[in-house]
Amino acid sequence: MISVANIQRLTLALSLLVWAFFLSGCEPKPTFEKMGGRTMGTSWSLSYLPPNSDHNASALRAAIEAELLDINQSMSTYIADSEINLVSSAPANEPIKVSSGFAYVLDQALTLSRLSGGAYDVTVEPLILLWGFGPEFKKDDLPSEAEVEAARAQVGYEALEFDLASRTLVKTSPRALDFSSIAKGFGVDRLANLLLSRGIDNFMVEIGGELKVQGLNPQGQPWRIAVRSPQSDAPEVATTIALTDMGVATSGDYFNFFRVGGQNYSHLIDPTTGWPIQHEVVSVTVVDPSVTRADGLATSLLVLGKDEALALAEENQWAVLLLARTEAGIESFPSSAFARMYQSQ
């Protein structure tokens, strides 16, 4: 049985700022290469072991940037003619054929929408825009109850009828889609598949803190992922967890918010109420082979709140760690799958 002390040492809170670091060793270290850049309004980074002496890093960077450009053009609401904006503006009751990547992400998002009972909703964009977390700058005042209800009336994943086999979507009512809580994870998975297709099987790839590790680090050991606490009085690095062939995603209510009247309003909107979440959960971290799923799950479980999130994680045997505010301060609440993973180390 994992002890409370061990879990508290594991993290007080996980943030999107994640590092990989390597333990020193006596054996000669293979030469890992690094590269990075900007995408999706954030950064991407890669650390990898070249597959052979003929490896062309410039060609790899070009392929990565092409992948990221394609994902942005498909899923960014900040690009006027992106695929997601065209889908959102398409009229109701007309079949819409979508690309294969878009279809995969939409299918994953709809699955999460159903599993969470609507706490995660891929059609949440009207509420995101109302609260000022879209392309336009946020306001200094709060929306009225009437404005919230009007936006809520435009939200509801049930109006999306999607056939994955034919990649065809029909909106039975007008709906605008938002992939912001899942697209980074999908991007990581796409880049990981690109690396594997080029014979690169020891790497860490990351977009905006969502990451995938494969194979071993330069010391021939599992990758050790360092995490830090968001609390100003906590140590910068709380602890580490060793992983290989696995993805990690974190969602937190302190990453993006604005403050009005002494109250913080998070970018995480509960579609069932139309308001930013206001509960005890600070952050949710999910460890899963699919970073797409982990990314969406982290948001879904954070919106649900502690008890419902842990119950859903146990039901599905997801490796999840929740950090929540209690009378004793920030406490850790791992699912049994996460506790077993950490205990095995």
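How many bridges join strand 16 (residues 281-288) to strand 17 (residues 319-326)? Six do, and the two strands run antiparallel.

**View 1. Overview of the predicted model.** This is a predicted model: local features need pLDDT of at least 70, side-chain atom pairs count only at pLDDT 80 or more, and totals for chains, interfaces and linings use all residues. Residues are numbered from 1 along each chain as its sequence is written, and side-chain values use heavy atoms, without hydrogens and water. The protein has 10 helices and 18 strands (DSSP runs numbered from the N terminus: helices H or I, at least four residues; strands E, at least two). Of its 345 residues, 53% count as buried (under 20% relative accessible area, 1.4 Å probe, protein chains only). The accessible surface (Shrake-Rupley, 1.4 Å probe) comes to about 15,500 Å². Carbon and sulfur atoms hold 51% of that surface.

**View 2. The eight-stranded open sheet.** Its strand order is 2-3-7-8-11-16-17-18, with antiparallel pairing (two strands pair if DSSP finds at least two bridges between them). Strand 2 (33-39) and strand 18 (329-334) are the edges; each pairs on one side only. Neighbouring strands are turned by 15° against each other on average, direction ignored.

**View 3. The pairing of strands 16 and 17.** Val 286 has Val 320 in strand 17 as its bridge partner.

**View 4. Helix 8 against the sheet strands.** Helix 8 (residues 291-304) lies across strand 8 (210-214), strand 11 (246-252), strand 16 and strand 17. The helix runs at about 155° to strand 16 (axes are lines fitted to C-alpha atoms, for helices over the stretch in contact, meaning heavy atoms within 4.5 Å; angles run from 0 to 180 degrees between N-to-C directions).

Conventions
Buried means under 20% relative accessible area, exposed over 50%, partly exposed in between (1.4 Å probe, protein chains only).
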